[in-house]
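This report describes a structure for a reader who has not seen it before. The sequence and the structure come first.

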Amino acid sequence: MPELPEVETVRRGLERLVLGRTILSVEVKVPKMVKTSYQSFLNELPSQRIQAMRRRGKYLIFDFGQLIMISHLRMEGKYLLFTDQVPTNKHFHLFFKLDDGFTLVYQDVRKFGTFDLLSKNQEEAYFTKKKLGPEPTKKAFKYASFERALMRSDKPIKPLLLDQKLVAGLGNIYVDEVLWAAKVHPETPARELSKAAMKRVHDQTITILQLGIEKGGSTIRTYRNALGEDGTMQDYLRVYGKTGQPCPRCASTIEKIKLGGRGTHLCPHCQKR
DNA sequence: TTTACTGTTGCAGT
DNA sequence: AACTGCAACAGTAA
């Protein structure tokens with residue numbers, strides 16, 4: 001599922017549906033997805049009460065007070081909630097039985113998702129170690145430090161934005177949208193951007209991720225009944241997945257190239273190097 | 001039947 | 001330190 005808007009949408013869904021619930025039991029079909037002690041995960045989660053649902057970048061945080069569980073959905077992780085009988089499905093990997101009779105299920109076709117159970121006082125170090133950048137908000141994402149970082153890098157702007165260190169939350173869809181909106185070619189070495197272009201990238205990152213949240217995220221490969229998969233952001237995408245279609249701004253044909261191993265959509269007229 | 005591709009990240013190799 | 005390519009995995013499309 002997830003870039004930041006999709007994760008935030010899942011967070012809101014979970015907040016509405018499982019906040020205050022206590023975990024009665026946990027079943028894990030794929031132990032390797034648990035990155036911290038597996039024994040502790042199984043032993044300590046039962047009896048934990050979900051006191052808050054939080055998010056940092058693309059990481060979902062189940063806050064139990066003293067303990068936290070950090071869940072990353074990677075490419076295809078999803079949460080589903082069932083009452084009574086949970087259907088059999090080979091891609092259901094974790095089951096959390098709750099005290100209201102519901103079962104929260106984690107589904108992940110590719111098994112890339114990760115789970116970390118930490119004490120809350122380890123949270124800051126966890127994200128510091130990953131060098132996770134600021135949230136893409138006006139308050140946290142300061143233009144001045146962003147500009148300084150861009151001026152120090154020769155990397156193409158797109159992979160630089162994708163690595164989460166300058167700002168948290170952009171993924172392959174939204175980064176293409178941001179660069180199109182900012183009229184910046186994704187291969188442009190960061191330090192070669194004009195100050196005006198840097199400012200546009202900064203501002204559009206905030207604007208477009210916020211729009212994504214307002215629209216409830218986007219659903220590309222569709223699934224049903226998973227939390228947070230009723231978003232409409234896909235209706236607002238301008239270049240992602242629009243290969244061969246006219247640019248909404250200038251009607252040039254949208255191109256798809258490969259950059260840093262990722263499919264990259266752009267308008268060759270609006271986004272010059 | 002192969003091969004390439006897919007909303008991500010971390011690691012091994014320079 | 002900083003970069004690149006690839007692996008983790010499964011499904012789909014060409």
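## Two buried residues

Thr205 counts as buried, at 0% relative accessibility; buried means under 20% relative accessible area, exposed over 50%, and partly exposed in between, with a 1.4 Å probe and protein chains only. Thr205 sits in helix α7, which covers residues 195–214. Helices (H or I, at least four residues) and strands (E, at least two) are DSSP runs numbered from the N terminus. Not counting residues up to four places away in sequence, Thr205 touches Pro136, Phe141, Val167, Leu170 and Val178, where contact means heavy atoms within 4.5 Å.

The model is predicted, so local features need pLDDT of at least 70 and side-chain atom pairs count only at pLDDT 80 or more, while totals for chains, interfaces and linings use all residues. Residues are numbered from 1 along each chain as its sequence is written, chains are lettered from A and ligands numbered from 1 in the order in which they are written, and side-chain values use heavy atoms, with hydrogens and water left out.

Phe115 is also buried, with a relative accessible area of 0%. Its place is in strand β8, residues 114–119. Leaving aside neighbours within four places in sequence, Phe115 is in contact with twelve residues that include Met33, Val34, Phe41, Met69, Ile70, Leu94, Phe96 and Tyr106. Between Phe115 and Leu60 there are 9.6 Å in space, C-alpha to C-alpha, and 55 residues in sequence.

## Chain A as a whole

Chain A has 7 helices and 10 strands. Its radius of gyration is 20 Å, close to the 19 Å that the globule rule gives for 273 residues, so chain A is as compact as a globular protein of that length. The radius is taken over C-alpha atoms, and the rule is 2.2 Å times the number of residues to the power 0.38. Along the principal axes, the C-alpha atoms fill a box of roughly 55 × 35 × 30 Å.

Of the 273 residues of chain A, 53% count as buried. Among contacts between residues at least 6 apart in sequence, 64% join residues at least 24 apart.

## Two loop residues with positive phi

Most residues other than glycine have a negative phi. Lys131 and Gln164 are listed below with their phi values.

| Residue | Phi | Loop | Relative accessibility |
|---|---|---|---|
| Lys131 | about 55° | between α3 (123–129) and α4 (143–151) | 55%, exposed |
| Gln164 | near 75° | between α5 (157–162) and α6 (172–181) | 15%, buried |

## DNA strand C

Which residues surround DNA strand C? They are Lys32, Lys90, His91, Val109, Arg110, Lys111, Phe112 and Lys155, a residue being near a strand if one of its heavy atoms lies within 4 Å of it. By class, this surface has 2 nonpolar, 1 polar and 5 charged residues. Here Ala, Val, Leu, Ile, Met, Phe, Trp, Tyr, Cys and Pro count as nonpolar, Asp, Glu, Lys and Arg as charged, and the others, Gly among them, as polar.

Of the atoms of DNA strand C within 4 Å of the protein, 53% belong to sugar or phosphate and the rest to bases. A side-chain N or O atom of Lys111 is 2.4 Å from a phosphate oxygen of the strand, and one of Lys90 is 3.1 Å from a phosphate oxygen. At Val109, a backbone N or O atom lies 3.4 Å from a sugar or linking oxygen of DNA strand C.

Conventions
Polar contact = N/O pair within 3.5 Å; in protein donor to acceptor, adjacent residues only side chain to side chain.
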